[in-house]
Amino acid sequence: MGGARQFLAALLAVAAAAAMVAPARGRFVVEKSSVRVLAPEHIRGHHDAAIGNFGVPDYGGTLTGVVLYPDKKATGCAEFPARFKSKSGRPVVLLLDRGECYFALKSWNAQQAGAAAVLIADTVDEQLLTMDTPEASPDTRYLDKLNIPSALVNRAFGESLKRMAEKADAEGEVVVKLDWRESMPHPDERVEYELWTNSNDECGPRCDEQAAFVRSFRGHAQILERGGYARFTPHYITWYCPEAFRLTRQCQSQCINHGRYCAPDPEEDFGEGYEGKQVVVENLRQLCVHRVANESGRPWAWWDFAMDYKLRCSMKEKKYSKACAEEVVASLGLPLEKVLACMGDPDADADNAVLSKEQEDQIGRGSRGDVTILPTLVINDVQYRGKLERTAVLKAVCAGFKEGTEPQVCLSHAWRRTSACTGTAGAGGTRRRT
Ligand SMILES: *[C@@H]1O[C@H](CO)[C@@H](O)[C@H](O)[C@H]1NC(C)=O
């Protein structure tokens, strides 16, 4: 019985996910940084690298270091026996081979061995891809502590770096400059950014990570928005039920407005606990809280609502409910009747303007790519890569201001920042965990 239920849940999720991304054919953009070889002289040049979706990319900055390639354990899947050091005392950029374990684990082992950054050399000839974070589990707790940048380089460039690094004694060190200055567009004095999230709090580490981020970034977010330095928009991924499934029990429990807007059942069990439908309604309420707050001139109240709701109305404590949400709305002094008017009637066989807009916005446009993973942070229309953590995200947001227009909250962190003019247009691509 349990098996049959899971099968149905999986079927719907797959059908719904396929329907969700179909219009844009799953376009995924690989965000890049650049690697400039400074020495030795005869291999000087500029190469692209794909920013890993873990650790802390140095958005807006550069890092000059010496490339070392371990002569043993070059995949970096096991702990290194000793720390790496360069002869000149410059930071170490550890070069590792792709394969045998998660990209993120290689970076963690490199960080533990003193590396300041990691370059992973692809082992096949292909377009650059985004190195993704592994599914969170007790074995991947190191992800929280991973705070160096990592990037993937293509096989050919990786091979030439390896050859040079192996000959380094005779010819001097291999010095590279990693450059993230153009990884974030920085056209003007205001940053636009958006977080694609979910009001569900029962999805394990992924949900805990989002809750922790909302709580810890709230202060920065409110300073930036109150000062007029940033405009933030929350978004919620919204599935839909294909026509043929609309009358099924699964769709009826996971969708509102007759199958138009859905969310997966939080427990993946249709007989128990919360239903996907309740999650969509709550997502809709949070979107409306933002709209109403925005109209009354304080859009940043969304951060208070999202944080308070997660604290006071959690699923884990069986408090996820309309009544609890409405108490939070009232406690923030937001007009409840406006929120309700914005939400409309979830039982109506009609479109809901707010949720339809969410479905449209999920589809990639310009340089952004489709939103297919939760959570996704988009800054100045490019998808952020790196961990969802307060300082890492603030660094990326700060790199989105035109030089000289950064607010104080950015300047109080001593980040290097200089102008550069290398292009790093993203191309269609893919992501992998190993
Ligand atoms: C918030 O308000 C501004 C203008 O006051 C508007 O341009 C923007 O679209 C609003 N955002 C949302 C999500 O309604």
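What percentage of the 434 residues of the protein count as buried?

**Figure 1. Overview of the protein in the predicted model.** Buried residues make up 54% of the 434 residues of the protein. The fold comprises 14 helices together with 17 strands. When contacts between residues at least 6 apart in sequence are considered, 74% of them join residues at least 24 apart. The surface that the protein exposes amounts to about 19,000 Å², and 51% of this area is supplied by carbon and sulfur atoms.

**Figure 2. Close-up of the ligand and its surroundings in the protein.** Three residues, Arg 231, His 290 and Asn 294, surround the ligand. Two of these residues are shown with distances to ligand oxygen atoms. For Asn 294, a polar side-chain atom is placed 2.4 Å from an oxygen atom of the ligand. For Arg 231, an N or O atom in the side chain lies 3.4 Å from an oxygen atom of the ligand. On its own, the ligand has 360 Å² of accessible area, of which the protein covers 46%.

**Figure 3. Close-up of helix 12 and the residue that caps it.** Helix 12 spans residues 353-362. At the N-terminal end of this helix, Asn 352 acts as the cap: one of its side-chain oxygens is 2.9 Å from the backbone nitrogen of Val 354. Val 354 is also one of the buried residues of helix 12. The other buried residues of the helix are Leu 355, Ser 356, Glu 358, Asp 361 and Gln 362. In an α-helix, residues three or four places apart point the same way, because each turn holds 3.6 residues.

Definitions and conventions: Residues are numbered from 1 along each chain as its sequence is written. This is a predicted model: local features need pLDDT of at least 70, side-chain atom pairs count only at pLDDT 80 or more; totals for chains, interfaces and linings use all residues. Side-chain values use heavy atoms; hydrogens and water are left out. A residue is near a molecule or strand if one of its heavy atoms lies within 4 Å of it. A polar contact is a pair of N or O atoms within 3.5 Å; within protein, one must be able to donate a hydrogen and the other to accept it, and residues adjacent in sequence count only if both atoms are side-chain atoms. Accessible areas come from the Shrake-Rupley method with a 1.4 Å probe; for residues, only the protein chains shown count as cover. Helices (H or I, at least four residues) and strands (E, at least two) are DSSP runs, numbered from the N terminus. Buried means under 20% relative accessible area, exposed over 50%, partly exposed in between (1.4 Å probe, protein chains only). Contact means heavy atoms within 4.5 Å.
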